[in-house]
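Reader: I'm new to this. Could you show me how to read a few features of a protein structure?
Author: Sure, let's look at it together.

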Amino acid sequence: MRWIRIVAAGISLPALVAAGATGAEEKALGTRIVDQMNALYGAHPGVRANHATGAVFEGAFTPAEGADALSSAVFLKGPPTPLTIRFSNAGGVPDAPDTHSSVGGIRGMAIKFHLANRGENDIVCISANGFPVATGEDFLALLQAVGGSGPTPIDTFLSRHPAAAAFLTESRPVAVSYGTQPFFGVNALKFTNAQGISKFGRYRIVPESGPAYVSDDEAAKRPATALADNLRASIEKGPVKFRLQVQLAAADDPITDATRVWPDSRPTVELGEIAITRALDTKKVENGLLFMPTNLTNGIDVSDDPLLNTRTEAYGESYGRRTN
């Protein structure tokens, strides 16, 4: 939890008072979460409230044979689908080094499918399997506890939320590059095929060459942007590839609680291959990109996981602030 202590120590009291000012309870939950993130990390115009540091790439998705047996989504059958991909580090500190304390070892991979029918489908994953809390209210409470003065607020919160304590104390190695880091869907989604058969599952995105990490000592000596730099260098030699999978829930697996990780014994369905082919000018394009976990095409639907709506609210609020 060292990163929690460091972030909390740098919070300004006026910002926290403003975040909790009269009338805050009347705001939408997603708005209050963004307010609290701005209080924790500082309000940085033109920058995301969370996952502020990122790198944008282009690529393509090629469906696996038979992937449309799980879902009728248009990108699961036919020719490759163009993609825009943003990798990121968690936290709201702009240009934070890969190993900055505010990142907490968490990375993000957001993918926008540019569909043949001119629609879109978004996938928003993180590098951890699971999430610290199950509801947006608890996520706000966690952020408020991090910003509380002294050790008591966060310690009290974690004592009452063992999943959050486990998530925040887990050791997370630093990958060689974003291209060697596995990613996981936070929330369950409902996948429905052309025959009307539906199954619930969570995304998994696996490096085709296998995960690869560096030691903590090596990570500390690398350039601040080594994750993105090393991916760009790899792309110069050829596409960097991932496998897109869905881990299916069993009948008794919880689909509305993101803290509950399903056993590895649950079956996975291969959806296809993600090939990252070109680096874009991140500073030029990233603010115009909005990735939403509920921006889905036909054949993929939301579950009743309450975090989905909260994430969409917060992402929309952050987008509005950085583009206005």
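**Helices, a pocket and some rings**

Author: Keep in mind that this is a predicted model. Start with helix α5 (residues 152-160) and helix α6 (residues 162-169): their axes come within 5 Å and cross at roughly 115 degrees.

Reader: How do I read that crossing?

Author: Two packed helices are described by the angle between their axes and the distance between the axes. Here, the angle makes α5 roughly perpendicular to α6.

Reader: Which residues make the contact?

Author: From α5 you have F157, L158 and R160, and from α6 there are P162, A164, A165 and L168. Sort the residues of this contact by class and you get six nonpolar, no polar and one charged.

Reader: Okay, and how do people find pockets?

Author: Rolling a probe the size of a water molecule over the atoms shows where empty space is left. In this model, the second largest pocket holds about 290 Å³ of space. Its lining has 21 residues, with T53, G54, D95, T282 and K283 nearest the centre. The elements giving two or more residues to that lining are β1 (53-63), β2 (81-89), α8 (226-235) and α9 (282-285).

Reader: What classes of residue line the second largest pocket?

Author: The lining has six nonpolar, seven polar and eight charged residues.

Reader: How many aromatic pairs are there?

Author: The count is 10, taking rings whose centres lie within 6.5 Å. One of them is F75 with F113, a tilted pair at 4.3 Å centre to centre, with 35 degrees between the planes. This pair links distant parts of the chain, 38 residues apart: F75 sits in the loop between β1 and β2, and F113 in strand β3 (residues 107-114).

Technical notes:
Residues numbered from 1 in each chain as written. Predicted model: local features only at pLDDT ≥ 70, side-chain atom pairs only at ≥ 80, totals over all residues. Heavy atoms only, no water. Axes fitted to C-alpha atoms, helices over the stretch in contact; angles between N-to-C directions. Helix = DSSP H or I, 4+ residues; strand = E, 2+ residues; numbered from the N terminus. Parallel < 35°, antiparallel > 145°, perpendicular 65-115°, else oblique. Contact = heavy atoms within 4.5 Å. Nonpolar A, V, L, I, M, F, W, Y, C, P; charged D, E, K, R; others polar. 1 Å grid on protein atoms, 1.4 Å probe; cavity = no way out; pocket = protein on both sides within 12 Å on 5 of 7 lines; lining within 4 Å. Points joined across faces, edges and corners; volume = space filled by probe spheres on them. Phe/Tyr/Trp six-rings, centres within 6.5 Å; stacked < 30°, edge-to-face > 60°.
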